[in-house]
Each structure stands twice: as C-alpha cells, then as structure tokens.
Amino acid sequence: MATKIRLQRVGRKSYAFYRIVIADARAPRDGRFTEKIGTYNPNTNPATVDLNFERALYWVETGAQPTDTVRNILSNEGVYMMKHLRTGVRKGAFGEDAVQAKFDAWKQAKEKGFDAIREKDARAKKEAAAKNLEAEKKVNEAIAQKVAEKKAAAAAAKAEAEAAPAEEAPAQEA
C-alpha cells in the first residue's frame with residue numbers, strides 16, 4: 001500500500017484549516033486516513049503548525065511520500081534534518097549524542113531567525129503607530145486652530161455688534 005502524508009481540509013468557508021494525515025494514496029483528500037499527525041493553520045502570521053514530531057519522523061523513515069506543501073512543512077519543522085542525521089548514525093558517521101547536539105543547534109539558529117523577524121515586525125508596527133499618531137496630532141492641531149479662528153471671529157463680530165448699538169445710543173440722545 002502506497003501511503004501519502006497529506007493535508008486534509010477542515011474549517012469553514014474562506015477560513016481553511018488543515019490536518020496533516022497519513023492516508024492511502026488512493027483515498028480522497030478529505031476521506032479516510034490512517035493517522036493524524038498534526039495540524040496546519042495558514043490563516044495566522046506566521047502559519048501555525050502543530051506536529052507530532054516522532055510520528056512524522058517514523059512515517060518519513062517508513063517511506064510515506066508527502067505532498068509538496070507537507071514536505072515544506074516537515075522540512076521547516078526539522079523532520080528531514082533529523083532523518084538526514086539519523087542516516088549518518090546508521091552509517092557510523094557520528095553518534096546519537098552528536099545527532100541531538102547538531103539538531104538542537106539547528107533548531108536554536110532557526111528560532112533565533114524567527115525571533116529576529118518577530119522583533120522586526122513589532123518594531124515596524126510600533127514605528128507605524130508612532131507615525132500615525134504624529135499625523136493625527138497634526139490634523140487635530142489644524143482643526144483646533146480653525147476652531148480657535150472661528151471662535152475669535154465670532155467673538156470679534158459679537159463685540160463689534162455690541163459696540164455699534166452703544167455708539168448709536170449716545171448719538172440718538174444728542
């Protein structure tokens with residue numbers, strides 16, 4: 001039986017959510033499957049992947065063929081890296097402890113890269129918010145200035161209107 005590691009679509013309309021499953025190659029996309037090994041949510045930024053690493057590694061080593069998207073997911077999670085390192089152990093290139101040390105170093109480097117991206121995004125959001133705040137302050141100042149000018153003009157007109165009847169009253173008395 002040819003097995004595939006594929007995505008099974010679930011979720012509502014216009015909001016895709018996928019399960020990562022092991023299925024017979026002849027089974028339909030959303031049909032029967034052998035085992036669920038994780039989930040994939042492309043709606044978040046970055047996409048969220050919840051994967052049972054050991055089972056995924058087992059199925060890849062067993063010979064299950066992933067689809068292109070699943071291959072990218074497994075590669076990003078380090079399943080193929082671990083498969084490669086375990087092949088080196090079987091060939092006698094290095095020991096189990098070296099495998100774990102290399103994998104942990106790879107994982108830390110990857111996390112450091114993700115942290116840098118998250119920090120850059122947070123900084124960009126903060127700068128954009130500050131820029132928007134400054135623009136809003138300028139607009140509010142302009143509006144406040146226009147309102148002050150209107151109030152000053154209204155007060156001047158009112159004072160002028162009050163002054164005009166006061167000048168007319170002494171003229172009528174004479």
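**Exercise 1. The sheet**

Task: Give the order of the strands in the open sheet, and find which stand at the edges.

Solution:
- Start with the order: 5 strands form an open sheet, E4-E3-E2-E1-E5, in this predicted model. Strands are DSSP runs (E, at least two residues), helices are runs of H or I (at least four residues), and both are numbered from the N terminus.
- Next, the sense: the pairing is mixed. Two strands pair if DSSP finds at least two bridges between them.
- Now the edges: E4 and E5 (65–66) each have a single partner strand, so one side of each lacks a neighbour in the sheet.
- Then add the helix. H2 (residues 68–77) packs on the sheet and touches E1, E2, E3, E4 and E5. Its direction makes about 100° with that of E1. Contact means heavy atoms within 4.5 Å. Axes are lines fitted to C-alpha atoms, for helices over the stretch in contact; angles run from 0 to 180 degrees between N-to-C directions.
- Finally, inspect one pair: E2 and E3 are antiparallel over 5 bridges. Arginine 19 has threonine 39, in E3, as its bridge partner.

This is a predicted model: local features need pLDDT of at least 70, side-chain atom pairs count only at pLDDT 80 or more, and totals for chains, interfaces and linings use all residues. Residues are numbered from 1 along each chain as its sequence is written, and side-chain values use heavy atoms, leaving out hydrogens and water.

**Exercise 2. The core**

Task: Find which residues of the largest nonpolar core touch the most other members.

Solution:
- Define the core: buried Ala, Val, Leu, Ile, Met, Phe, Trp, Tyr and Cys residues joined through side-chain atoms within 4.5 Å. Buried means under 20% relative accessible area, exposed over 50%, partly exposed in between (1.4 Å probe, protein chains only).
- Read off the members: of 23 residues, Ile5, Leu7, Ile20, Ile37, Leu51, Leu74 and Val79 touch the most others.
- Find the main supplier: H1 gives the largest share of this core, 5 residues.
- Check H1 (53–62) itself. Its buried residues are Phe53, Ala56, Leu57, Trp59 and Val60. They lie on the same side of H1, because their arc around the axis is only 165°. The arc is that of the directions from the helix axis to the C-beta atoms.

**Exercise 3. Backbone exceptions**

Task: Locate the cis peptide bond and the positive phi of serine 14.

Solution:
- The cis bond joins asparagine 45 and proline 46, with omega about -5°. Proline 46 sits in the loop between E3 (35–41) and E4 (48–51).
- Serine 14 has a phi of about 65°. Its loop runs between E1 (3–10) and E2 (17–24).
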